[in-house]
Amino acid sequence: MSDLETGFLCLMTRPTEPLFYPKYNGEVFMDLPSEYLSERYQRIADSIKTHHGSAAKHHISIKAVELPDLGYTARVPRHGEFNLFNPAQRRVAGQLVGDLLSQPDPQAMLSVAAYARDRLNPTMFQYALAVALLHRKDTGTVPVPSFLEMFPTRFVDPTLFPKLLEEGFVVQQGQRVAIEVPQSLSASEADPEQRLAYFREDIGVNLHHWHWHLVYPQEGPLEVVNKDRRGELFYYMHRQTVARYNVERFCNRLPAVKPLKNLREPIPEAYFPKLMNSALNRTYPGRAANMVLSHVNRPEDDAVATILELESSLGRIKEAIQSGFATATDGTRVPLDPKKGIDILGNIMENSILSVNVPYYGNYHSLGHVLIGFIHDPDNLYLEGHGVMGDFTTAMRDPTFYRFHGHVDDVFDLHKEKLSPYKAHELSFPGVSITDATVQITSGKAARNRLLTFWQRTQVDLGTGLDFGPQGNVLATFTHIQHAPFAYQIMAHNETAEQKKGTVRIFLAPIYDAKGEQLLLSEQRRYMLEMDTFVVSLHPGDNRIIRRSDQSSVTIPYERTFRRVDASNMPGTENFRFCNCGWPDHMLLPKGHPDGQPFDLFIMISDYKDDVVNSGFDEKDNCNDSHSYCGLRDQLYPDRRAMGFPFDRVPVSQDHLMKDFVARFPNMSRTVAEVLFTNTIISRT
């Protein structure tokens, strides 16, 4: 690993320790110009270099460069909160991203970042640096550690850390044991919502949400924000997240979430996160049951909003959907057509800088998070920080996240419901038929169309996030849901004499709701879980297609979610780089039920000629393996169809059930697959 890469990793290691403090078991010393040290240490610069640099085996010299004026960053206090849902703080972060990207080369960016690191809010700095590293073409080989490594207190119960520190300080590296993370302790089993804690509080799920927003920031230079179909990806990733959560609720015999469409009603769900906000060294505030939103009047936090303001924004968004046009800032009408409409609405609703009219349509999504995040102290009377809903890294832990995003998705669906159902020629693939389709566990002699889930114990290294703590690896063991590896077998027939290319689309959907009542296709379409999308070549005659679950276009592998990335044990292969967002592989399947949970396994082969966008796309390259929710780095989204096709629109009236829909098209298949939850715990090998 080069000095440049190691230097950037030092910037991202133990983020509240001074940068000059030796990293990686004391072996790496960042040799900074004295003026780059914070004011406290400039007077003792020589003794710092003698004391800390003399024992380090490797010195990385930082050269002084012309520094940008970073005075604007004072808007976010160094020891205060940083909140990406806050428009003013988001603009500060976006400007910082721009300053880092504007440096002429990576070495200059490293110097500017080294100067800024110990002066700025640590969370904002790490966010801006990660965005810059991900978007500069000349820093593409720099591995970006996950937020778990930098700020583990946002993901793990803080009662664990005294045990981790003791183990790390007292026991030598080779003799250390992993400390057990208690499973699901945010509430007792008397709270029905606790049945879903394994999903909401899953480390991988929350890392996915954070990393998605790294790849798709709302503010910053236009070339960073303006990505292909960015607004549609905001809609689709969150739609899939809510759908997955609702399906998990069905597996646990709970109804789908009630969308939070009335912001004036009490919120019955309580949530007490038991997590530490590392910026303030305080726990995130909890929310009692039946609290009521009112307003937020915290000018010192740049958070001032009323329910009426949000209702006004929502009314204007709905008006645009009903009329079929959004109004741009210059007064022109922007059509919300079937191709671009959802993308325009996504940018309006999220309120990125791509919104066609920020002053008119407002900031509905982000301010919704702000109101809920400050519900416990809207006027800052008690000097409390925001709750978990006010932070990208923690928002998905709160049951209210899914209620609010269920409501947001309902608004998006108002647009989708206005679109005409897909015509037969848009759904068919003349000459191609699926003659058989099954799914099966790949190990042993497993039954066809029966999949297994279980609990798994996994170790994660939290050493790089223990500021002023022990050196080396400090391991924690946590328990999460997991599935046995499986594979699809699809028999497809090409009756033509020519080779054809097709796109295989695989979805899994619940057949019954929590009460055991069968779902109509018009309802089921909102619970379709995308499992995979990939391209196949079909030679004339019969074709046998095998696709493994670990090849899914939705997920990233375990190694990229949890493997530690640092200068001492970086694997050095593209496969292990934390280089793209993606749904965690261990959460690909819903949990199922001990008695077995039946699902519709839907498989479709669409005509590649109608799908193709970028003929150079190769899912095996770099980090292209999780493009369904995350798109591609520096490329167009690799599918011309609407995200969620063919279930993003309402079906025709005669398609009452999934079987009615599939029966009309030979290029589609429906198989009933069962997911059996075994309720056993298996340690990861």
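User: Is cysteine 10 buried or exposed, and what is its relative accessible area?

Analyst: Buried means under 20% relative accessible area, exposed over 50%, and partly exposed in between (1.4 Å probe, protein chains only). Cysteine 10 has a relative accessible area of 0% and is therefore buried. Cysteine 251, at 3%, is buried as well. The model is predicted: local features need pLDDT of at least 70, side-chain atom pairs count only at pLDDT 80 or more, and totals for chains, interfaces and linings use all residues. Residues are numbered from 1 along each chain as its sequence is written, and side-chain values use heavy atoms, with hydrogens and water left out.

User: How many disulfides does the structure hold?

Analyst: A disulfide is a pair of cysteine sulfur atoms within 2.5 Å. The structure holds zero disulfides.

User: How should the overall form of the chain be read, and what is its radius of gyration?

Analyst: Helices (H or I, at least four residues) and strands (E, at least two) are DSSP runs, numbered from the N terminus. The chain has 23 helices and 20 strands. Its radius of gyration is 25 Å, close to the 26 Å that the globule rule gives for 685 residues, so the chain is as compact as a globular protein of that length. That radius is taken over C-alpha atoms, and the rule is 2.2 Å times the number of residues to the power 0.38. The C-alpha trace spans about 80 × 60 × 55 Å along its principal axes.

User: What share of the residues is buried, and how much area does the chain expose?

Analyst: Of the 685 residues in the chain, 62% are buried. Accessible areas come from the Shrake-Rupley method with a 1.4 Å probe; for residues, only the protein chains shown count as cover. The chain exposes about 26400 Å², of which carbon and sulfur atoms supply 51%. Contact means heavy atoms within 4.5 Å. Among contacts between residues at least 6 apart in sequence, 77% join residues at least 24 apart.

User: Where is lysine 23 placed, and is lysine 23 buried or exposed?

Analyst: Lysine 23 is in the loop between α1 (3-11) and β1. Its relative accessibility is 1%, so lysine 23 counts as buried. Leaving aside neighbours within four places in sequence, lysine 23 is in contact with Cys10, Thr13, Glu17, Pro18, Val28 and Arg117.

User: Which residues of helix α3 are buried, and why do they line one face?

Analyst: In α3 (residues 45-53), the buried residues are Ala45, Ile48, His52 and Gly53. Seen down the axis of α3, they fall within an arc of 85°, so they line one face of the helix. The arc is that of the directions from the helix axis to the C-beta atoms. The face turned away from this buried side carries the exposed residues Asp46, Thr50 and His51. Cover for the buried residues includes β1 (28-31), α2 (39-42) and β2 (58-61).

User: In what order do the strands of the open sheet stand?

Analyst: Strands of a sheet pair through backbone hydrogen bonds, either parallel or antiparallel. Here two strands pair if DSSP finds at least two bridges between them. The open sheet of seven strands has the order β3-β12-β11-β20-β19-β14-β15, with mixed pairing. Its edge strands are β3 (179-180) and β15 (529-538), each of which pairs on one side only.

User: Which pairs are parallel and which antiparallel?

Analyst: β3 and β12 (residues 475-483) pair in the parallel sense over two bridges, with alanine 476 in β12 as the bridge partner of isoleucine 179. β11 (residues 450-461) and β20 (residues 668-683) are also parallel, over seven bridges; there the partner of leucine 452 is leucine 676 in β20. β19 (residues 597-607) pairs with β20 in the antiparallel sense over eight bridges, and proline 598 stands opposite glutamate 674 in β20. β14 and β15 are antiparallel over nine bridges, while nine bridges also join β14 to β19 in the antiparallel sense. In β14 (residues 500-510), ten of the eleven residues are buried.

User: How do the side chains alternate along strand β7?

Analyst: In β7 (residues 303-306), Ala303 and Ala305 point to one face and are buried, whereas Val304 and Thr306 point to the other and are not. β6 (residues 295-298) and β7 run antiparallel and are joined by four bridges, and histidine 295 stands opposite threonine 306 in β7. Their hairpin has four residues between the strands, and aspartate 302 takes a positive phi near 55°.
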